[in-house]
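Visitor: I am new to this structure and would be grateful for a close look at its pockets and its cavity. Please add a word on the surrounding elements where that helps.

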Amino acid sequence: YEGEFDAPIWLPGEAAALRRAAEAQLAELDAQAARRRLLLAGEVRDAWWAWALSEAGRAAVAARVALARALERDTARQVRGGNLPQTEGLLAAADLRDAEAALRAAEFELRAAALAFRTLTGAEPTPGPPETPAARPTGPDPRVAAAQSLIEAGRSEERFVAARNRANPELGVQLRHERDAFGEPWGSRVLLRVTIPLQNRPLQQERLAEARAAVTSGIAGLNAAERTVTGAVDTAREAEATARAVLETTAARHAAARQQAALFEQAYRAGQLPLIEVVRARGALASADAALRRARVGVGRAVSVTNQALGTLPQ
(Lines give C-alpha, C1' and ligand atoms only; values in the text may rest on other atoms or scores of the structure.)
Protein backbone atom coordinates (compact mmCIF):
# COMPACT_ATOMS: atom_id res chain seq x y z
CA TYR A 1 0.00 0.00 0.00
CA GLU A 2 1.34 3.38 -0.95
CA GLY A 3 0.12 6.96 -0.49
CA GLU A 4 1.77 10.23 -1.52
CA PHE A 5 1.11 13.93 -0.97
CA ASP A 6 2.82 16.64 -3.04
CA ALA A 7 2.73 20.41 -2.44
CA PRO A 8 4.15 23.09 -4.77
CA ILE A 9 6.55 25.66 -3.37
CA TRP A 10 6.34 29.35 -4.31
CA LEU A 11 9.26 30.77 -6.21
CA PRO A 12 10.82 33.95 -4.80
CA GLY A 13 8.45 36.86 -5.48
CA GLU A 14 5.94 34.66 -7.31
CA ALA A 15 3.11 35.01 -4.79
CA ALA A 16 3.25 38.81 -4.71
CA ALA A 17 3.52 39.01 -8.51
CA LEU A 18 0.55 36.68 -8.94
CA ARG A 19 -1.53 38.72 -6.50
CA ARG A 20 -0.73 41.96 -8.32
CA ALA A 21 -1.53 40.33 -11.67
CA ALA A 22 -4.90 39.16 -10.37
CA GLU A 23 -5.68 42.62 -9.00
CA ALA A 24 -4.73 44.19 -12.34
CA GLN A 25 -7.02 41.77 -14.18
CA LEU A 26 -9.92 42.63 -11.86
CA ALA A 27 -9.27 46.33 -12.41
CA GLU A 28 -9.23 45.69 -16.17
CA LEU A 29 -12.61 43.95 -15.96
CA ASP A 30 -14.07 46.90 -14.05
CA ALA A 31 -12.64 49.39 -16.55
CA GLN A 32 -13.94 47.40 -19.50
CA ALA A 33 -17.37 47.20 -17.87
CA ALA A 34 -17.40 51.00 -17.43
CA ARG A 35 -16.39 51.42 -21.07
CA ARG A 36 -19.18 49.11 -22.22
CA ARG A 37 -21.69 51.00 -20.08
CA LEU A 38 -20.67 54.23 -21.79
CA LEU A 39 -20.96 52.65 -25.25
CA LEU A 40 -24.40 51.30 -24.36
CA ALA A 41 -25.41 54.74 -23.09
CA GLY A 42 -24.42 56.15 -26.48
CA GLU A 43 -26.66 53.62 -28.24
CA VAL A 44 -29.56 54.47 -25.93
CA ARG A 45 -29.02 58.18 -26.50
CA ASP A 46 -29.00 57.71 -30.27
CA ALA A 47 -32.19 55.64 -30.17
CA TRP A 48 -34.01 58.11 -27.91
CA TRP A 49 -33.05 61.14 -29.99
CA ALA A 50 -34.09 59.34 -33.17
CA TRP A 51 -37.48 58.83 -31.54
CA ALA A 52 -37.59 62.46 -30.38
CA LEU A 53 -36.82 63.65 -33.91
CA SER A 54 -39.59 61.44 -35.30
CA GLU A 55 -41.99 62.77 -32.66
CA ALA A 56 -41.11 66.35 -33.61
CA GLY A 57 -41.79 65.56 -37.26
CA ARG A 58 -45.12 63.93 -36.42
CA ALA A 59 -46.18 66.89 -34.28
CA ALA A 60 -45.31 69.31 -37.09
CA VAL A 61 -47.36 67.32 -39.62
CA ALA A 62 -50.24 67.01 -37.14
CA ALA A 63 -50.30 70.80 -36.80
CA ARG A 64 -50.35 71.09 -40.58
CA VAL A 65 -53.28 68.66 -40.76
CA ALA A 66 -55.22 70.70 -38.20
CA LEU A 67 -54.76 73.88 -40.23
CA ALA A 68 -55.60 72.15 -43.51
CA ARG A 69 -58.72 70.60 -41.99
CA ALA A 70 -59.93 73.97 -40.70
CA LEU A 71 -59.29 75.54 -44.10
CA GLU A 72 -61.10 72.71 -45.88
CA ARG A 73 -64.18 73.08 -43.63
CA ASP A 74 -64.28 76.84 -44.12
CA THR A 75 -63.82 76.53 -47.89
CA ALA A 76 -66.46 73.81 -48.19
CA ARG A 77 -68.95 75.96 -46.27
CA GLN A 78 -68.31 78.91 -48.57
CA VAL A 79 -68.61 76.70 -51.67
CA ARG A 80 -71.99 75.44 -50.48
CA GLY A 81 -73.05 79.04 -49.87
CA GLY A 82 -72.03 80.02 -53.39
CA ASN A 83 -69.32 82.40 -52.25
CA LEU A 84 -66.45 80.37 -53.76
CA PRO A 85 -66.14 78.24 -56.90
CA GLN A 86 -65.92 74.46 -56.71
CA THR A 87 -62.24 74.57 -57.72
CA GLU A 88 -61.38 76.32 -54.45
CA GLY A 89 -63.01 73.55 -52.44
CA LEU A 90 -61.18 70.87 -54.42
CA LEU A 91 -57.89 72.68 -53.84
CA ALA A 92 -58.45 72.79 -50.06
CA ALA A 93 -59.51 69.13 -50.02
CA ALA A 94 -56.41 68.10 -51.97
CA ASP A 95 -54.19 69.99 -49.56
CA LEU A 96 -55.87 68.22 -46.64
CA ARG A 97 -55.39 64.78 -48.24
CA ASP A 98 -51.72 65.55 -48.82
CA ALA A 99 -51.26 66.57 -45.19
CA GLU A 100 -53.04 63.43 -43.95
CA ALA A 101 -50.81 61.22 -46.11
CA ALA A 102 -47.74 62.95 -44.68
CA LEU A 103 -49.12 62.37 -41.18
CA ARG A 104 -49.49 58.64 -41.80
CA ALA A 105 -45.89 58.45 -42.98
CA ALA A 106 -44.69 60.42 -39.94
CA GLU A 107 -46.64 58.16 -37.58
CA PHE A 108 -45.05 55.09 -39.17
CA GLU A 109 -41.57 56.56 -38.67
CA LEU A 110 -42.44 57.33 -35.06
CA ARG A 111 -43.61 53.77 -34.41
CA ALA A 112 -40.44 52.39 -36.00
CA ALA A 113 -38.25 54.61 -33.82
CA ALA A 114 -40.19 53.60 -30.71
CA LEU A 115 -39.79 49.93 -31.63
CA ALA A 116 -36.03 50.37 -32.06
CA PHE A 117 -35.80 52.02 -28.63
CA ARG A 118 -37.92 49.30 -27.02
CA THR A 119 -35.82 46.59 -28.63
CA LEU A 120 -32.67 48.13 -27.17
CA THR A 121 -33.92 48.99 -23.68
CA GLY A 122 -37.09 46.96 -23.11
CA ALA A 123 -39.01 50.14 -22.25
CA GLU A 124 -41.14 52.59 -24.18
CA PRO A 125 -39.60 55.99 -24.98
CA THR A 126 -41.20 58.85 -23.09
CA PRO A 127 -40.71 62.61 -23.37
CA GLY A 128 -38.39 64.14 -20.82
CA PRO A 129 -36.30 67.21 -20.14
CA PRO A 130 -33.21 67.59 -22.35
CA GLU A 131 -29.80 66.89 -20.93
CA THR A 132 -27.91 69.74 -19.38
CA PRO A 133 -24.36 70.38 -20.59
CA ALA A 134 -21.94 68.47 -18.39
CA ALA A 135 -18.62 69.80 -17.18
CA ARG A 136 -15.46 68.04 -18.23
CA PRO A 137 -14.95 65.11 -15.82
CA THR A 138 -12.04 65.35 -13.42
CA GLY A 139 -11.23 61.64 -13.69
CA PRO A 140 -10.07 59.70 -16.74
CA ASP A 141 -12.52 58.95 -19.50
CA PRO A 142 -13.84 55.34 -19.32
CA ARG A 143 -12.43 54.63 -22.78
CA VAL A 144 -9.01 55.95 -21.75
CA ALA A 145 -9.19 54.16 -18.39
CA ALA A 146 -9.96 50.88 -20.17
CA ALA A 147 -6.87 51.29 -22.36
CA GLN A 148 -4.76 52.14 -19.29
CA SER A 149 -6.02 49.03 -17.51
CA LEU A 150 -4.82 46.88 -20.40
CA ILE A 151 -1.33 48.34 -20.00
CA GLU A 152 -1.30 47.74 -16.25
CA ALA A 153 -2.55 44.17 -16.70
CA GLY A 154 0.17 43.51 -19.29
CA ARG A 155 2.90 44.91 -17.06
CA SER A 156 1.67 42.88 -14.09
CA GLU A 157 1.68 39.77 -16.26
CA GLU A 158 5.23 40.59 -17.37
CA ARG A 159 6.40 40.86 -13.76
CA PHE A 160 4.69 37.59 -12.93
CA VAL A 161 6.35 35.79 -15.84
CA ALA A 162 9.73 37.22 -14.80
CA ALA A 163 9.22 35.91 -11.26
CA ARG A 164 8.05 32.50 -12.42
CA ASN A 165 11.07 31.60 -14.51
CA ARG A 166 10.59 27.84 -14.10
CA ALA A 167 8.05 25.32 -12.93
CA ASN A 168 7.35 25.33 -9.21
CA PRO A 169 9.48 23.10 -6.99
CA GLU A 170 7.54 20.39 -5.19
CA LEU A 171 7.83 18.88 -1.72
CA GLY A 172 6.38 15.40 -1.44
CA VAL A 173 5.72 12.98 1.43
CA GLN A 174 5.25 9.29 0.64
CA LEU A 175 4.03 6.56 3.00
CA ARG A 176 4.61 2.90 2.16
CA HIS A 177 3.14 -0.06 4.05
CA GLU A 178 4.58 -3.26 2.58
CA ARG A 179 6.11 -6.70 3.13
CA ASP A 180 8.63 -8.69 1.14
CA ALA A 181 6.60 -11.90 0.79
CA PHE A 182 3.36 -13.53 1.85
CA GLY A 183 3.48 -14.40 5.52
CA GLU A 184 6.26 -11.92 6.30
CA PRO A 185 5.58 -9.10 8.79
CA TRP A 186 4.42 -5.72 7.49
CA GLY A 187 6.71 -2.73 7.59
CA SER A 188 6.07 0.98 7.11
CA ARG A 189 8.39 3.73 5.96
CA VAL A 190 8.09 7.42 5.15
CA LEU A 191 9.87 8.98 2.18
CA LEU A 192 10.48 12.69 1.61
CA ARG A 193 10.81 13.92 -1.97
CA VAL A 194 11.95 17.31 -3.24
CA THR A 195 11.63 18.20 -6.95
CA ILE A 196 13.52 21.21 -8.31
CA PRO A 197 12.79 21.79 -12.02
CA LEU A 198 15.42 23.34 -14.25
CA GLN A 199 14.86 26.71 -15.81
CA ASN A 200 13.37 26.70 -19.32
CA ARG A 201 14.75 29.90 -20.85
CA PRO A 202 13.12 29.61 -24.32
CA LEU A 203 9.67 29.08 -22.81
CA GLN A 204 10.07 32.01 -20.40
CA GLN A 205 11.31 34.29 -23.17
CA GLU A 206 8.28 33.38 -25.26
CA ARG A 207 5.92 34.22 -22.39
CA LEU A 208 7.81 37.47 -21.71
CA ALA A 209 7.52 38.42 -25.36
CA GLU A 210 3.77 37.82 -25.28
CA ALA A 211 3.39 39.98 -22.15
CA ARG A 212 5.52 42.78 -23.61
CA ALA A 213 3.57 42.63 -26.86
CA ALA A 214 0.38 43.07 -24.85
CA VAL A 215 1.89 46.13 -23.13
CA THR A 216 2.99 47.62 -26.46
CA SER A 217 -0.47 47.02 -27.92
CA GLY A 218 -2.02 48.62 -24.86
CA ILE A 219 0.15 51.72 -25.21
CA ALA A 220 -0.87 52.07 -28.85
CA GLY A 221 -4.51 51.62 -27.85
CA LEU A 222 -4.15 54.26 -25.14
CA ASN A 223 -2.72 56.79 -27.58
CA ALA A 224 -5.52 56.06 -30.04
CA ALA A 225 -8.17 56.32 -27.29
CA GLU A 226 -6.83 59.67 -26.10
CA ARG A 227 -6.83 61.06 -29.65
CA THR A 228 -10.30 59.69 -30.31
CA VAL A 229 -11.76 61.16 -27.14
CA THR A 230 -10.16 64.56 -27.73
CA GLY A 231 -11.33 64.62 -31.33
CA ALA A 232 -14.83 63.53 -30.38
CA VAL A 233 -15.13 66.29 -27.76
CA ASP A 234 -13.92 68.98 -30.17
CA THR A 235 -16.24 67.75 -32.93
CA ALA A 236 -19.19 67.55 -30.55
CA ARG A 237 -18.64 71.10 -29.30
CA GLU A 238 -18.45 72.39 -32.88
CA ALA A 239 -21.65 70.51 -33.74
CA GLU A 240 -23.38 71.94 -30.68
CA ALA A 241 -22.44 75.51 -31.63
CA THR A 242 -23.64 74.88 -35.18
CA ALA A 243 -26.93 73.43 -33.93
CA ARG A 244 -27.58 76.52 -31.81
CA ALA A 245 -26.85 78.79 -34.78
CA VAL A 246 -29.19 76.73 -36.97
CA LEU A 247 -31.90 77.01 -34.33
CA GLU A 248 -31.56 80.79 -34.26
CA THR A 249 -31.77 81.04 -38.05
CA THR A 250 -34.66 78.59 -38.25
CA ALA A 251 -36.60 80.50 -35.58
CA ALA A 252 -36.22 83.71 -37.63
CA ARG A 253 -37.41 81.87 -40.75
CA HIS A 254 -40.42 80.49 -38.89
CA ALA A 255 -41.38 83.95 -37.60
CA ALA A 256 -41.20 85.37 -41.13
CA ALA A 257 -43.24 82.49 -42.58
CA ARG A 258 -45.88 82.86 -39.88
CA GLN A 259 -46.18 86.60 -40.52
CA GLN A 260 -46.38 86.00 -44.27
CA ALA A 261 -49.10 83.37 -43.87
CA ALA A 262 -51.15 85.72 -41.68
CA LEU A 263 -50.87 88.52 -44.25
CA PHE A 264 -51.84 86.18 -47.10
CA GLU A 265 -54.89 84.98 -45.19
CA GLN A 266 -55.99 88.56 -44.55
CA ALA A 267 -55.58 89.35 -48.25
CA TYR A 268 -57.49 86.21 -49.19
CA ARG A 269 -60.41 87.07 -46.92
CA ALA A 270 -60.44 90.56 -48.42
CA GLY A 271 -60.64 89.03 -51.89
CA GLN A 272 -57.21 90.25 -52.94
CA LEU A 273 -55.51 86.84 -53.34
CA PRO A 274 -56.64 83.43 -54.61
CA LEU A 275 -56.77 80.42 -52.31
CA ILE A 276 -53.73 78.84 -53.96
CA GLU A 277 -51.52 81.57 -52.53
CA VAL A 278 -52.83 80.88 -49.03
CA VAL A 279 -52.17 77.18 -49.48
CA ARG A 280 -48.63 77.92 -50.60
CA ALA A 281 -48.03 80.26 -47.67
CA ARG A 282 -49.33 77.65 -45.25
CA GLY A 283 -47.12 75.04 -46.86
CA ALA A 284 -44.13 77.29 -46.34
CA LEU A 285 -45.20 77.85 -42.74
CA ALA A 286 -45.57 74.09 -42.18
CA SER A 287 -42.11 73.52 -43.62
CA ALA A 288 -40.65 76.24 -41.38
CA ASP A 289 -42.47 74.80 -38.35
CA ALA A 290 -41.10 71.32 -39.03
CA ALA A 291 -37.59 72.75 -39.46
CA LEU A 292 -37.91 74.67 -36.19
CA ARG A 293 -39.00 71.57 -34.29
CA ARG A 294 -36.14 69.58 -35.78
CA ALA A 295 -33.69 72.34 -34.91
CA ARG A 296 -34.83 72.30 -31.27
CA VAL A 297 -34.33 68.56 -31.16
CA GLY A 298 -30.97 69.05 -32.87
CA VAL A 299 -29.75 71.32 -30.09
CA GLY A 300 -30.77 68.81 -27.42
CA ARG A 301 -29.17 66.01 -29.37
CA ALA A 302 -25.95 68.00 -29.81
CA VAL A 303 -25.75 68.55 -26.04
CA SER A 304 -26.30 64.82 -25.51
CA VAL A 305 -23.56 63.97 -28.02
CA THR A 306 -21.20 66.36 -26.22
CA ASN A 307 -21.95 64.71 -22.89
CA GLN A 308 -21.34 61.31 -24.49
CA ALA A 309 -18.01 62.51 -25.88
CA LEU A 310 -17.07 63.73 -22.39
CA GLY A 311 -17.78 60.24 -21.04
CA THR A 312 -20.81 61.29 -18.96
CA LEU A 313 -23.61 58.79 -18.45
CA PRO A 314 -27.22 60.02 -18.83
CA GLN A 315 -29.16 60.61 -15.63
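Guide: What follows treats the pockets, then the cavity, then the sheet and one buried residue.

This is a predicted model, in which local features need pLDDT of at least 70 and side-chain atom pairs count only at pLDDT 80 or more, while totals for chains, interfaces and linings use all residues. Residues are numbered from 1 along each chain as its sequence is written, and side-chain values use heavy atoms, with hydrogens and water left out.

Some terms come first. On a 1 Å grid over the protein atoms alone, a cavity is a set of points where a 1.4 Å probe fits but cannot get out, whereas a pocket is an open set with protein on both sides within 12 Å along at least five of seven lines; lining residues have an atom within 4 Å of a point. Grid points are joined across faces, edges and corners, and a volume is the space filled by probe spheres set on the points. Helices (H or I, at least four residues) and strands (E, at least two) are DSSP runs, numbered from the N terminus.

The largest pocket has a volume of about 370 Å³. Of its 17 lining residues, P129, P130, E131, P314 and Q315 are the closest to its centre. Two elements, α1 (14–80) and α5 (275–309), give two or more residues to this lining, and α1 gives the most, with four residues. By class, the lining of the largest pocket has nine nonpolar, six polar and two charged residues. Here Ala, Val, Leu, Ile, Met, Phe, Trp, Tyr, Cys and Pro count as nonpolar, Asp, Glu, Lys and Arg as charged, and the others, Gly among them, as polar.

The second largest pocket has a volume of about 190 Å³. In its lining, α1 and α5 each supply at least two residues. The residues that line it are L53, G57, A60, V61, R64, G283, A286, S287, A290 and R294; by class, five are nonpolar, three polar and two charged.

As for enclosed space, the structure holds one cavity of 30 Å³ or more. The largest cavity has a volume of about 40 Å³, and its lining consists of L71, D74, E265, Y268, R269, V278 and R282. The elements α1, α4 (201–269) and α5 each give two or more residues to this lining. The largest share, three residues, comes from α4. The lining of the largest cavity has three nonpolar, no polar and four charged residues.

Turning to the sheet, three strands form an open, antiparallel arrangement in the order β1-β2-β3, where two strands pair if DSSP finds at least two bridges between them. The edge strands, β1 (2–8) and β3 (187–195), each pair on one side only. Seven bridges join β1 to β2 (residues 170–178); D6 has G172 in β2 as its bridge partner, and A7 has L171. Nine bridges join β2 to β3, and the partner of H177 in β3 is S188.

Finally, S156 lies in helix α3 (residues 142–163). This residue counts as buried because its relative accessibility is 5%; buried means under 20% relative accessible area, exposed over 50%, and partly exposed in between (1.4 Å probe, protein chains only). Not counting residues up to four places away in sequence, S156 touches R20, A21 and A24, contact meaning heavy atoms within 4.5 Å.
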